[in-house]
Each structure stands twice: as structure tokens, then as C-alpha cells.
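Let's take a friendly walk through one protein model. Have a look at the structure below, and then read on.

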Amino acid sequence: PSLTEMTEKALDILSRSTEDEAKGFFIMIEASRIDHASHANDAAAHIWDVVEYNRLIHSVMAWVDEHPDTAVVSAADHETGGITLPPGYDPRPVGRANHSLEFLVDLIDECEGDMDDKRAYLEAEILPQYGVDDATGEEIGALLDAEDVTAALAATLNERIGVEWSTTDHSAVDVVLYAYAAGEMKTRLLEDLAGTKENVQLPRYVAEALGVSLDEVTALLRGNGTV
Ligand SMILES: [Zn+2]
């Protein structure tokens, strides 16, 4: 199932199991595949997972509209890849990619056969599925010789769309904080979360919105040997 489908199911179960109770629920939904794609500098998987996250957020916002005692906060714990879109960026080849680098590199690893078989397989099967249907002989040669096949395959698409990455790790840029609520929850959201925030302020907002004390909950968990 997609992340959106799993989220819709989880919200349905959680709201039904708490509907007759004074206590509500907290759910953390992680779109972690965006981070994985960025570690691989995989522009195609990155954009498709961002699109899926966008779909998920619209679904959650619709749910919040129907449940005005709920608030949703969308945050990232960091950016990954140091992605930049210089002048000339053209994302259209991404639309032709239908698999992630992770998936395609596994297929390459499984390919048995001699160099000619591998060359033909890359040209006819792998590269087109990554949105690259005009690979040069030089690019295919580089892929065949590559020690880091993920990086070599990533480069073929990144060069065509003009996207630049500065790292395969997490970066230190500020990340965007989004939040959504209706009614009274909305007023509190705006008061507590609008503007530039330190990341430690998010759990404080959540604790306040839920009416729990982080110190008490921490003591309880430690007392139970959970932490
Ligand atoms: Zn990461």
C-alpha cells in the first residue's frame, strides 16, 4: 500500500478506537523515502516521493476539516542531498522514469551475462526505465566500468534535467514548517508555531495540544523500563 493508503487506514482505526474516550491520539507519519532518494541523489525517486507526500498531506488536511479538534504539523528533521536547481532546470525526463535507482541498481546486480549482454540490458531496459532513452556509448561505458553504479546511473538523469546535488548526506539548511488546523486549534497553531522555530519547540507544541506533560510521560516510561 502507498503511504497515503496506510495513513488513511491508521487515522480511521485510531479515530474509531478513541471516539468514546476523552483522550485523543497522536500519530507520526514519516515519508522517509524522500530522504533515501536524496541520499542516492536520485532525482526521479525524490520528486515522486515528494508528490506522494503532497497527496498524503491533502488527504490528512481533508481529514482535519472533518475533525476540527485535530491539528497537523508537517516538518522535516533536515534536508538531504543539498539539492539545487540551477538555471536551465528541466524536470521533464523525470516523468519518463518509472523506477527508483535502488530498484534499478538491484536489477543491474542480478544481471548475469557478458559485457555485451550487460551493455544491451542497460541500453534497452535499465536506462529507459530511468527516463534516459538517449544514453551515449560513453555513458553506458561509464556505467559498465563504474565502482559506484548508483552514482553513475544517477548522473545520467541529473545531467539531463540539470539538477545539482552537493552531498549524499544530510545538509544543514533550514527546513520549512507547515501546519494546518481549523477552529480553535487553528488560533493556537498560529500563536504557537508561526515564524522561525527551533526544532525543540515542536514537541512542546504537541505536548501542549495533547494536554500532556513531557516530564511526566518521560518519568512514566522510564518507570516502566520502556526507555
Ligand atoms: Zn537520511
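## The zinc site and the two domains

Along the chain, the donors of the zinc ion follow the spacing D-x3-H-x130-H. Donors here are N, O and S atoms within 2.8 Å of the metal (3.2 Å for Na, K and Ca), and water is not among the atoms, so sites may look incomplete. This is a predicted model, in which local features need pLDDT of at least 70 and side-chain atom pairs count only at pLDDT 80 or more, while totals for chains, interfaces and linings use all residues. Residues are numbered from 1 along each chain as its sequence is written, and side-chain values use heavy atoms, with hydrogens and water left out.

Which residues hold the zinc ion? Asp35 coordinates the ion through two OD entries, and His39 and His170 each do so through NE2, at 2.0 to 2.4 Å. The angles among the 4 donor atoms run from 57 to 151°, and the site is irregular. That word covers anything that is not tetrahedral (four donors, all angles between 85 and 135 degrees), square planar or octahedral (four or six donors, with opposite donors over 155 degrees apart and all others between 65 and 115).

Aspartate 35 and histidine 39 are separated by about one helical turn because they sit 4 residues apart in helix H2 (residues 33-39). Helices (H or I, at least four residues) are DSSP runs, numbered from the N terminus. Serine 38 lies in helix H2 too, and glutamate 184 is found in helix H8 (residues 183-193).

How accessible are these residues? Buried means under 20% relative accessible area, exposed over 50%, and partly exposed in between (1.4 Å probe, protein chains only).

| Residue | Relative accessibility | Class |
|---|---|---|
| Serine 38 | 2% | buried |
| Histidine 39 | 26% | partly exposed |
| Glutamate 184 | 71% | exposed |

Serine 38 touches His46, Thr80, Gly81 and Trp165, leaving aside residues up to four places away in sequence; contact means heavy atoms within 4.5 Å.

Now for the wider layout. The protein is divided into domain 1 (3-82 + 169-223) and domain 2 (92-161), with bounds that come from an automatic or database domain assignment. Their contact takes 9 residues from domain 1 and 12 residues from domain 2. Between domain 1 and domain 2 there is 1 salt bridge, meaning a side-chain nitrogen of Lys or Arg within 4 Å of a carboxyl oxygen of Asp or Glu. Arginine 33 forms a salt bridge with glutamate 102, with the closest N and O atoms 3.2 Å apart.

Notes: Helix = DSSP H or I, 4+ residues; strand = E, 2+ residues; numbered from the N terminus.
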